Amino acid sequence: MARAPQLLSIPMRHFLEVAQTGSVNQAAARLHVAPSAVSRQIARLEDEMGTPLFERRTRGMAPTAAGERLAAYLRHAVADGLQALEQASALGRVQAQRVCVACTEGFAPQFMPGVMQSFRDAYGDARLELRVGSPDEVTRWLLRGEADLGLKYSVAPESELHVEYEAPAPVYAVMAPEHPLARHTAVEVAQVVAFPLYMGGRGMTTRQLFDQACSLQGLRYAAAFESNFSSVLLPLLRAPGIVLSGHLTVAHLIAEGTVVARPFAEAPLQQRRLRLLSLPGRTPTEPVRAFATHLVQAIQAVGRRKLGRARRVASARVSTSPSRSG
């Protein structure tokens, strides 16, 4: 919140930093003041409003219902104010063409660079910025007004953000075209766990939904490879291994013929949504509106592509047998 002093009083700035960090000490560090100064400003604000704004806990500060409402209002006010300042100062200059997009890691290596380059080809004056982080980081960047648009997978509603666009984003089993399961139009979890699995971290939606499906069926597995950076798994993939992924992440590899993707038959693995998000109440600039339209069209174009063709291989060449895990 580098420019927040222009828009909020000191008590409000201190309150909002505590609400966002959940800690007086962290808020004080970001504001470059003593923790005691932050505590005094919070106490002053609570006294003036006549209601507690935080619950003091051993591991930090949690906003009360009144605190959450005030924080939401201030976030929107700061975002709108910063946007107004930015647009006013950038009027007639190139800064008015800036578009900042936040996305999760799965979109970053291939899909987003292609979308951003094609947008630049069509709108040569646009200044593009891409931030890549976890789903929670994408949400925070939007709420703080640090990003105009956010693209991520979700399994729960986005109550604090506006959904510009959403579409089903099922989890796919991604494998080499010669894999035994590549001949199937859909696969089952019980079939997939019989092969070496290249897994993302437990905080990733693909892993969460797969683990849920395994739990419902009483299935267990041991990952052959695991990383919280899912893009590293695809270069490692070899038959008969399987990577869990979204379609957008592997669409370029499907087009090259190096992998195929097969949907799961189980419902839990079809519950995920792809969402393009923005901050409610914020008026987008013309470049932001144009980029959102361009991005949605690119998502829809990938969605119309096929999932890859299996290769016929001689039985003598299929020398790798599935590694079963219990």
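At what angle do the axes of helix 1 (residues 10-21) and helix 2 (residues 24-31) cross? Keep that one in mind while you load the model, which is a predicted one.

**Whole chain**

Start with everything in cartoon. The protein has eleven helices and twelve strands, and its C-alpha atoms fill a box of roughly 80 × 50 × 30 Å along the principal axes. Colour by burial and you'll find that buried residues make up 48% of the 326 residues. If you like contact maps, take the contacts with a separation of 6 or more: 76% of them are between residues 24 or more positions apart.

**Stop 1: helices 1 and 2**

Now for the opening question. Select residues 10-21 and 24-31: the two axes cross at roughly 125° and come within 8 Å. Angles that are neither roughly parallel, roughly antiparallel nor roughly perpendicular count as oblique, and helix 1 and helix 2 are therefore oblique to each other. Their crossing is right-handed.

Show side chains next. From helix 1, pick Arg13, His14, Glu17, Val18 and Thr21; these meet Val24, Gln26, Ala27, Arg30 and Leu31 of helix 2. Sorted by class, this contact holds four nonpolar, three polar and three charged residues.

**Stop 2: His32**

Step along to His32, in the loop between helix 2 and helix 3 (35-49). Its phi is near 60°, a positive value in a residue that isn't glycine. Is His32 buried or exposed? Turn on the surface: His32 is exposed, at 74% relative accessible area.

**Stop 3: the five-stranded sheet**

Hide the rest and bring up the open sheet, whose five strands run in the order 4-3-5-12-6 with mixed pairing. Strand 4 (127-133) and strand 6 (162-168) are the edges; each has a single partner strand, so one side of each has no neighbour in the sheet. Look along the sheet for the twist, which averages 20° from one strand to the next.

For a closer look, select residues 149-154 and 273-278. These are strand 5 and strand 12, which run antiparallel and are joined by five bridges. Label Tyr153 and its bridge partner in strand 12, Leu274.

Then add helix 5 (residues 111-122). Helix 5 packs on the sheet and touches strand 3 (98-104), strand 4 and strand 5, and its direction makes about 170° with that of strand 4.

**Stop 4: helix 5 meets helix 11**

Keep helix 5 on screen and add helix 11 (residues 286-303). How far apart are the axes of this pair? They are 10 Å apart, and the helices pack at about 130°. Helix 5 and helix 11 are therefore oblique to each other, and their crossing is right-handed.

For the contact, select Phe111, Met112, Val115, Met116, Ser118 and Phe119 on helix 5, then Pro287, Ala290, Phe291, His294, Leu295, Ala298, Ile299 and Val302 on helix 11. By class, there are twelve nonpolar residues, two polar and no charged ones.

**Stop 5: strand 10 and its partners**

Move to strand 10 (residues 242-245). In a regular strand, side chains alternate between the two faces of the sheet. Here both faces are covered: Ile242 and Leu244 on one side, Val243 and Ser245 on the other, all buried.

Add the partners in turn:

- Strand 7 (residues 172-175) runs antiparallel to strand 10, with three bridges joining them. Ala173 has Leu244 as its bridge partner in strand 10.
- Strand 8 (residues 197-200) pairs with strand 10 in the parallel sense, over two bridges. Leu197 stands opposite Ile242.

Back up slightly to Pro240, in the loop between helix 9 (233-236) and strand 10. Check the backbone there: the peptide bond from Ala239 to Pro240 is cis, with omega near 10°.

**Last stop: Leu209**

Finish by centring on Leu209 in helix 8 (residues 205-217). Under 20% relative accessible area counts as buried, and Leu209 is buried, with 4%. Which residues does Leu209 touch, leaving out those up to four places away in sequence? Show Val155, Val171, Pro268, Leu269, Gln271 and Arg272. Measure one distance yourself: Leu209 and Val171 are 38 residues apart in sequence, with their C-alpha atoms 8.1 Å apart in space.

Note on methods. Residues numbered from 1 in each chain as written. Predicted model: local features only at pLDDT ≥ 70, side-chain atom pairs only at ≥ 80, totals over all residues. Heavy atoms only, no water. Pairing = 2+ DSSP bridges. Helix = DSSP H or I, 4+ residues; strand = E, 2+ residues; numbered from the N terminus. Axes fitted to C-alpha atoms, helices over the stretch in contact; angles between N-to-C directions. Contact = heavy atoms within 4.5 Å. Parallel < 35°, antiparallel > 145°, perpendicular 65-115°, else oblique. Left-handed = near helix turned anticlockwise from the far one by under 90°. Nonpolar A, V, L, I, M, F, W, Y, C, P; charged D, E, K, R; others polar. Buried < 20%, exposed > 50% of the residue type's maximum accessible area, 1.4 Å probe, protein only.
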